[in-house]
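Q: Please give a close account of one part of this structure, the sheet and what surrounds it. I am new to this structure, so please explain each term as it arises.

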Amino acid sequence: MGETPALFTGRRWFFPSALLHELDPDAARSGRRPRRTARDWVVDFSCFLLAVVVGATAMEALADNPHVPQGLAVVDQVAGALACAAVWLRRRWPLGLAVAMTPVTFVSDTAGGAGLIALFTLAVHRPFRYVAWVGGINTAFVPLYYWLRPEPDIPYPVAVLFAGLLTVAIVGWGMFVRAKRQLMVSLRDRARRAETEARLRAEQAQRLAREDIAREMHDVLAHRLTLLSVHAGALEFRPDAPPAQTARAAGVIRESAHEALQDLREIIGVLRAGESDDTGRPQPTLAALDTLVTESREAGMKVSLDQRVEDSADVPSSVGRTAYRIVQEGLTNARKHAPGTEVTVTVTGAPGTGLTVGVHNPPPEGEVPPVPGSGQGLIGLTERATLAGGRLQHGHTPQGGFEVRAWLPWG
């Protein structure tokens with residue numbers, strides 16, 4: 001079969017084949033008939049045995065009933081035996097079997113058990129309109145049945161009332177089983193839709209993060225390529241420039257080309273959306289962390305910054321920008337999910353070893369209401385760190401707080 005729900009893995013024998021068939025979309029599309037599980041065989045054999053026991057009990061009652069002729073008793077027993085054998089067909093043709101059992105049970109006492117089982121199967125496997133018609137006809141025949149073939153030891157009103165209540169109870173039980181199965185199918189459908197929606201939201205968050213990175217890379221590359229063009233033009237129009245000036249222009253061209261190649265490595269594979277309204281905006285760097293922390297403190301947050309970076313002025317702008325975004329998102333999350341706590345921001349690193357960024361906050365005091373859409377920013381940060389050649393991890397600490405830790409290459 002196709003994609004089997006994880007709930008049934010390893011114990012499919014415990015569930016009805018009809019339920020597994022409905023939960024398997026491939027089987028439903030192919031039109032294959034569901035195969036009996038071990039549970040189905042046990043239930044079918046039990047139903048057959050119950051029909052035989054009821055038929056044998058009715059057979060003994062027939063022998064003691066003076067109102068039933070001998071020939072009619074023989075016909076009754078033959079019809080009852082065929083009805084018991086037909087119980088094995090109840091899963092394949094529930095409606096046809098229930099309709100066929102209606103006249104059979106009217107003329108045969110020994111087929112009564114098989115008739116009730118057929119009615120129960122119809123209530124389980126078919127909509128209520130079929131059950132209402134067949135069950136209504138069976139109930140309508142009950143007074144006529146006991147009028148023509150009265151029970152010697154039971155008063156007529158009691159027999160009619162008991163048979164009617166038994167029919168209603170069997171139909172109600174079957175409808176209850178059907179409702180349970182439909183509930184399981186609906187819950188599985190809802191789980192599948194929720195998984196699909198969560199996957200789509202994650203993909204959308206990744207796409208938006210890639211578009212944001214593409215816009216930033218566009219701005220940075222435009223700046224570097226402009227420097228390349230200006231200094232290359234100066235060398236072209238001033239071939240007689242002093243050697244020192246030429247060497248300085250060549251150094252600027254070499255450095256700008258190197259930085260542009262670094263940025264191009266990050267932008268490969270990133271899809272850029274339409275034109276942005278904020279094109280050309282100044283890009284944050286590692287040096288802007290002090291300003292970010294100061295703004296957060298002015299907004300009422302408790303933030304401590306521990307920055308130990310060797311040669312911080314030499315940190316590549318793309319790495320510094322990514323570190324800034326990670327700290328910015330970490331402070332935003334702490335403000336939303338742990339208001340009032342003290343947030344610790346650590347930034348350490350050196351050329352050749354990389355840049356390590358950490359944002360940690362303790363658990364909040366008291367209950368904090370959930371924020372809709374939480375988690376999408378962390379997905380974008382993970383995507384941003386991966387595209388920069390680094391890695392990012394986030395999660396709860398053993399003490400109940402939350403920590404975001406990232407490593408970015410610097411070399």
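A: Strands E4 (residues 391-396) and E5 (residues 402-408) run antiparallel and are joined by six bridges. Helices (H or I, at least four residues) and strands (E, at least two) are DSSP runs, numbered from the N terminus, and two strands pair if DSSP finds at least two bridges between them. This is a predicted model, in which local features need pLDDT of at least 70 and side-chain atom pairs count only at pLDDT 80 or more, while totals for chains, interfaces and linings use all residues. Residues are numbered from 1 along each chain as its sequence is written, and side-chain values use heavy atoms, with hydrogens and water left out.

Two opposite pairs can be named between these strands. His 394 stands across from Val 404 in E5, and His 396 faces Phe 402 in E5. In a regular strand the side chains alternate between the two faces of the sheet.

E4 and E5 form a hairpin, with five residues between them. In its turn, Gly 400 has a positive phi of about 100 degrees. Thr 397 also belongs to the loop between E4 and E5. With a relative accessibility of 13%, Thr 397 counts as buried; buried means under 20% relative accessible area, exposed over 50%, and partly exposed in between (1.4 Å probe, protein chains only). Neighbours within four places in sequence aside, Thr 397 is in contact with His 360, Phe 402 and Glu 403, where contact means heavy atoms within 4.5 Å.

The hairpin is part of an open sheet of five strands, in the order E1-E2-E3-E5-E4, with mixed pairing. Strand E1 (302-309) and E4 stand at the edges with a single partner strand each, so one side of each has no neighbour in the sheet. On average, neighbouring strands of this sheet are turned by 10 degrees against each other, direction ignored. Axes are lines fitted to C-alpha atoms, for helices over the stretch in contact, and angles run from 0 to 180 degrees between N-to-C directions.

Two helices that pack on the sheet can be described next. Helix H10 (residues 289-298) touches E1 and strand E2 (342-350), and its direction makes about 170 degrees with that of E1. Helix H11 (residues 317-337) touches E1, E2, strand E3 (354-361), E4 and E5; the direction of H11 makes about 5 degrees with that of E3.

Finally, the sheet may be placed in the whole chain. The protein chain has twelve helices and five strands, and 36% of its 411 residues count as buried. Of the contacts in the chain with a separation of 6 or more, 70% are between residues 24 or more positions apart. The accessible surface of the chain comes to about 23,700 Å², and carbon and sulfur atoms account for 62% of that surface; accessible areas come from the Shrake-Rupley method with a 1.4 Å probe, and for residues only the protein chains shown count as cover.

As for confidence, the chain averages a pLDDT of 77, and 75% of the residues score at least 70; pLDDT is the predictor's confidence in each residue, from 0 to 100. Over residues 1-9 the pLDDT is below 50, and this stretch has 22 contacts in the model beyond near neighbours in sequence. Residues 271-281 likewise have a pLDDT below 50, with 17 contacts beyond near neighbours in sequence. Where pLDDT is low, the predicted coordinates should not be read in detail.
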